[in-house]
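Here are a few exercises to work through with the model open in your viewer. Try each task yourself before reading its solution.

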2 protein chains.
Amino acid sequence: MHGLMQDWPLTVDRILDHANNWHAGREVVTRSVEGPIVRTTYGAIHGRAKRVSNALLAWGVKPGDRVATLAWNTGNHIEAWYGIMGIGAVCHTLNPRLFPEQLIYIINHAEDRIIFVDLTFVPLLDAILPHCPTVERVVVMTDADHMPQTKLPVVECYESVLEQSSEDVRWGQFDENTACGLCYTSGTTGNPKGVLYSHRSNFIHTLLGLQTTVIGGSPKDVILPVVPMFHANAWGIAFAGPAAGSKLIMPGARMDGPSIYELLETEGVTFSAAVPTVWQGLLNHLRENNLKLSTVKRVLIGGAAVPESMIRAFHDEFGVEVLQGWGMTETSPIGTLSNTTPEMEAMPFEEQLKWRVKQGTPPLGVELKLKDDAGTPLPSDGHTFGRLMIKGPTIARAYFKDEGGHILDDEGFFDTGDVATIDEQGFMQITDRAKDVIKSGGEWISSIEIENIAVGHPKVALAAVIGAAHAKWDERPVLLIKLKDGEGEDKQEHLDFLQGKIAKWWMPDDVVFVGDIPLGATGKIDKKLLRERMKDYRLPDQPIGKS
Amino acid sequence: MHGLMQDWPLTVDRILDHANNWHAGREVVTRSVEGPIVRTTYGAIHGRAKRVSNALLAWGVKPGDRVATLAWNTGNHIEAWYGIMGIGAVCHTLNPRLFPEQLIYIINHAEDRIIFVDLTFVPLLDAILPHCPTVERVVVMTDADHMPQTKLPVVECYESVLEQSSEDVRWGQFDENTACGLCYTSGTTGNPKGVLYSHRSNFIHTLLGLQTTVIGGSPKDVILPVVPMFHANAWGIAFAGPAAGSKLIMPGARMDGPSIYELLETEGVTFSAAVPTVWQGLLNHLRENNLKLSTVKRVLIGGAAVPESMIRAFHDEFGVEVLQGWGMTETSPIGTLSNTTPEMEAMPFEEQLKWRVKQGTPPLGVELKLKDDAGTPLPSDGHTFGRLMIKGPTIARAYFKDEGGHILDDEGFFDTGDVATIDEQGFMQITDRAKDVIKSGGEWISSIEIENIAVGHPKVALAAVIGAAHAKWDERPVLLIKLKDGEGEDKQEHLDFLQGKIAKWWMPDDVVFVGDIPLGATGKIDKKLLRERMKDYRLPDQPIGKS
C-alpha cells in the first residue's frame, strides 16, 4: 500500500523559487571579478536566472545538454547554475586550476555546448577551445563595457543577453532523478571521472546541509563560501543559502587573508567554509595585524585534514568554533562532521582536541562502514584501519559514461579510496589514501601518520613515507626526507625521533635523503610520482634502526 | 538524462538504524505509565523495536496492514512505531481524547488488526473493542507484574512478547512511497478522515524538522516532546530526535506544570514542544513557586495561536525564545514557523511581537498561497484575507479510502480550511477558519479577531462572533456575549469597546447576550453548534450601534 501524500519532485529550481517567495529581499553580496563589491538579492537573482534559462532555450539547449561554467563564486555564477538546472540542462562546473590538457579532456568528454566564463579565464578558453569542438558558444559574465578582446568565435556578453531575455519561463516539472550537475574528480590515477548529480540528490543534500550539525542557516545567518562552486559544489552552500534565506557573501577571485577578512567584517559574516590553506592565510593576516573576528561564530573546514594548531588558534585566539568536515566530489560532498557530544564538551578543550582533529560522524542519510581488502567488516574501535565505504542518496553509483566501471560493493557502498578508523564515539578519522597505505604482514601502516610526525623534526623540510617491496612482509615503510638547507644527514636521529610515537612494527626499515619531494596541484605530496622515482630502490637486508 | 546517484529509498527504519549506528548510547528517558522514570538508549530501543517487528511477523502481519497504538509519549511507544513501520506495516496512532464512538469508527475504518495500548487505556478498549471486529489482538505495553484485569479476548504482555522475540529481522528494502503512518483528523464536520503518510513523506519531514529554523537538534540537545505522538506525530520529534542523536525526554501521561517542570530541570532539557495550554500550566507553576528555567533555550508552540502574553512571559521572565509553529495533521504537520529576521531582531522586543504573534514562514519544501473563493490568487500585503492553500512532499493529496474525495486545487494545493493573511515579510497569520469567516459584501471579516478584542472587556466571560444572513451584504457579524456573573447587559458598551480597534465595516450589527457559549474538546468555541442554536435568529433592520 502506498501513502497518500503529494507527488512533489525534489528539483533544485524549487530552492530558488523558495528564496524568491520568502526571502526575496535578502542580499547576495559579491566581490566582482571586475573589482567593485556588487549587491543584489535573491529576488533579483531569481529573475535573472530565469533570463539565463530563456537565453539557453533560444540557443537550442535541450534537457540533458551540458552547459559549463568556468567561474568564481559570484552572484552571477549562482544565476547561471539555476538558469541551467531549472530547464533540465546539466550544469558542468569546470575547475580552472586543472591543467589545460585536463580541461580539454573534460570539456570534450562532457560534450559541453556552451560555457559561461568569468573575465579571468577568457585567455585560458582562448587557448583551449580550438581543441573543444562541441562548444558552440561562450558567454562572458560581464557587461558590455568590460567585454574583452578574444579569439573565441561565438561570444556573448552576459549582461546584454540577460537584457534581451524574458523572465517568463517554466522551471522544473520533470522527474526528480533528472541529471542536474556534473563535476569531474581530479583523480590522481587515470582520466578525470565525472560525477553526475541528480536534482533529487542535490535537493536531499541541501536538506542535509541545513541541519544544525552541518551548515545550518537561517535568515539571521550571513554565510561566506570561500570553497569554490567548482569544488564539490561549494559544499552545497549555493543551494543551502537560498534555501535558508541566509545572506550570502561571494568572494569572487580573491581568497587571500586580507580580502577574506575584509568581507567577514564588513558584511557581518557568521559562518564560512574553506580549505585549511585559506584559513591559514586568514590566521596569518589576523595575527600580523593584531585583528579580531567580531561576527564569525563557526567555520567549516574540509578538503584536507585540519591541523590541531588551527583548531586551537580559532578557539583560543578568536573565539571561533571549528567544524571539521570530510567529503568528496562523489559524496556531493557532505560525508562526516566533527560535531562534539555533550560528554566531550564537558572536558577541557585540550582533551576535546582528540576528537576535534578527527573528521567526525555522518548526518542522517549517510552510511559508513570500514572493511578490509577481502570485504570483511572491521570494528569501530578507534585503531583498526579499514577502507572507508559510503552509501546514501547523495553518493555516486557510477561515473558519467561509465568511466571506471562498477564502483559499488555488494551492499551498494562506494569505495572512497580512503583508509580510516572509526572510534567508539563514532568519530571517523582518515588515516591514509588506500593506494598509499603500506601493507606489512597483512596489517596496514598509515604513511600519513608517520609523515606527520617525521616532519616535526627541526632539521626536516618535507617528509614522505612509501612502501617498498619486502620478501617476507610484502611491504615495509621507507622514510624519505628532504632536509632544510644546510642540515646534515643522520638517518638514526630521524628514527629516534619516531620512537615511542608510533608502534614498533611501523618503524621504517630505511631512511633516504632526497633533494626534492614532489607536490601535486593541491599541495599534497605526489606519492605516485615519488613511487615512480623510487622504482629501482631496494630495501637494505636488515632494518637500519637500532631498536 | 538521469543522474548517476545511488538509489537509497527514504524509509524511516533508516532513521533508527542511524541512531543505533552513531548515537547508540544516547538516552531516551520516560516517565513511565507505571510511575517510575525509566532510562534507556537508542541502541536498546533499536533492538527492542526489531523484536516488535518479529512479534508482528509471527502474528501474520503483512505489509500494508494497519497496527494501531493507543499510548502516551514513551520509549515503548517509539519502539512500537519503528517495529511496525520497519516491516512495511502502517502505524495507526489513535487519539485517546476522542469520544468512544469516534474511536470505534476510526478503528473499523482503518481495519486495525492489532492495538498496542498503555495501561491507562485498557478500560477504554474493554468498552469499545466489542464493536471493533477487525482487531485480533491487543498488546498491553507493560511487564508481566503490571498486567491488568481485562475482558479483552486476545491479550499480550509487551515485555513478555519482546522477551520471546528475536532482534534479527530485515527492515525496509521497499519503495519509499510505501504507506507508513495513519492519523485521523478530528474534523469538526463529517466523519474523521485518515491521513496516510508515506515513508518518503515522513523522512523528508524529518529532514525539514532538523533545520536550525525548525526543531534543529544535535547530540548536545535534550528534547522534550509534550505534544503527543498521537497528535500529528508529535510534530515529528519521534523521528527528528533519533535522526539528530538528541537525548529525548518522554513525559508519559503527566503533562501538568509541576511534572513537566521536574523533567525540564532534572534532565537538562534544551528544547520542548507543546500546545499553549500546557505552557500556560507550566508558567503558572513557575510563577506560583518562584522558579526559573535553567537549561531550556527555546520552546516550539503550536496547535493554537500563541497569546502575545505567553511569548512575552517566556522572554521577559524566563529568557526563553518562543518559536510559534503552525501545521495540521494533513501537513505532517510542519507548515510555518515564526523565525524572526535580522531586521526584526534589531527592533525592541515589543516591536518584534507584531511578528512573533504570527505563525511565520514556511521552510524549504512547503509552498503556500492565498486565494479567494473563486480561486484568484490574493496579495501578500498583510491585510488581505484569503483561503490558505499548501503544497509539498509532506502534504496530503487525498484521505484514506478516498473520504472527502478530491481535495487539491488545479495547481495541486491542499485547502487548509483556514483563512489567513501573509505580510510583506512573508509572515503568515491565521485569522479564522474558512467556515467561520463572515462574508460581507464580497469581503471577509475575521470572527476570531473581533472575539479576541471583545473578550478583553472586563464584564465579558466569553465572546463569539458569527455571521447572520443579510439581504444586501449576504452576511453581517453578530457578537454573542456570555457575561461574567452578576454583570448587567448593555449592548452599546461592547460596541464602544470595539471602536477604533477594528475597521468600521467590521462592527457587529447586533450584540446578543447568551447564557452559554459552547466549547469543543480542544477548548475552542464550537461555532457549528453555536450556529445551530442561532438558526432562527434574525438581524435587526438597522445595525444597533450609534456610529
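## Exercise 1: A leucine and its surroundings

In this predicted model, Leu530(B) makes contact with Ala464(B), Ile466(B), Leu480(B), Pro518(B) and Ile525(B), once residues up to four places away in sequence are set aside.

**Task.** Find the helix that holds Leu530(B), and decide whether Leu530(B) counts as buried or exposed.

**Solution.** Start with the helix: Leu530(B) sits in α16 of chain B, residues 527-533. Next, take the cut-off, which is under 20% relative accessible area for buried. Leu530(B) has 2% relative accessibility, so it counts as buried. Now try a distance: from Leu530(B) to Leu283(B) you cover 247 residues in sequence and 32 Å in space, C-alpha to C-alpha.

## Exercise 2: Two copies

**Task.** Work out what rotation superposes chain A on chain B, and how the two copies are thus related.

**Solution.** The rotation is 180 degrees, the shift along its axis is 0.0 Å, and the RMSD comes out at 0.1 Å. The copies are therefore related as by a two-fold rotation axis. As for the contact residues of chain A, 100% of them recur in chain B, so the same surface serves both copies.

## Exercise 3: Inside the cores

**Task.** Say which residues touch the most other members of the largest nonpolar core, then list what Leu56(B) is in contact with, leaving aside neighbours within four places in sequence.

**Solution.** The largest nonpolar core has 170 residues, and the ones touching the most other members are Leu56(A), Phe116(A), Leu56(B) and Phe116(B). Zoom in on Leu56(B): beyond its sequence neighbours within four places, its contacts are Val61(B), Val67(B), Gly83(B), Ile84(B), Ile87(B), Ile114(B) and Phe116(B). Apart from the largest core there is another one of 64 residues, including Leu94(A), Leu152(A), Leu196(A) and Val269(A).

## Exercise 4: Two open sheets

**Task.** Give the strand order of the 7-stranded open sheet in chain A and of the 4-stranded open sheet in chain B, and explain why one side of each edge strand lacks a neighbour.

**Solution.** Take chain A to begin with. The order is β7-β6-β5-β3-β4-β8-β9, with mixed pairing. At the edges are β7 (155-157) and β9 (193-198) of chain A; each has a single partner strand, so one side of each has no neighbour in the sheet. Neighbouring strands here are turned by 25 degrees against each other on average, direction ignored. For a closer look, β8(A) (residues 179-185) runs antiparallel to β9(A) and is joined to it by 6 bridges; Gly181(A) has Tyr197(A) as its bridge partner in β9(A).

On to chain B. The order is β16-β17-β18-β19, with antiparallel pairing. The edge strands are β16 (367-371) and β19 (428-433) of chain B, and because each has a single partner strand, one side of each is left without a neighbour in the sheet. In this sheet, the average turn between neighbouring strands is 50 degrees, direction ignored. Between β17 (residues 386-391) and β18 (residues 414-422) of chain B there are 4 bridges, and Met389(B) stands opposite Asp415(B) in β18(B).

## Exercise 5: A helix and its packing

**Task.** Pick out the buried residues of α9 (residues 257-266) in chain A, and name the elements they pack against.

**Solution.** The buried residues are Gly257(A), Ser259(A), Ile260(A), Tyr261(A), Leu263(A) and Leu264(A). The buried residues of α9(A) pack against β1 (27-31), β2 (37-41), β10 (222-225), β11 (247-250), β12 (271-274) and α10 (276-288) of chain A. After α9(A) comes Gly268(A), with a positive phi near 70 degrees.

Notes:
Residues numbered from 1 in each chain as written. Chains lettered and ligands numbered in written order. Predicted model: local features only at pLDDT ≥ 70, side-chain atom pairs only at ≥ 80, totals over all residues. Heavy atoms only, no water. Least-squares fit on C-alpha atoms with pLDDT ≥ 70 in both. Contact = heavy atoms within 4.5 Å. Core = buried A, V, L, I, M, F, W, Y, C linked by side-chain atoms within 4.5 Å. Buried < 20%, exposed > 50% of the residue type's maximum accessible area, 1.4 Å probe, protein only. Pairing = 2+ DSSP bridges. Axes fitted to C-alpha atoms, helices over the stretch in contact; angles between N-to-C directions.
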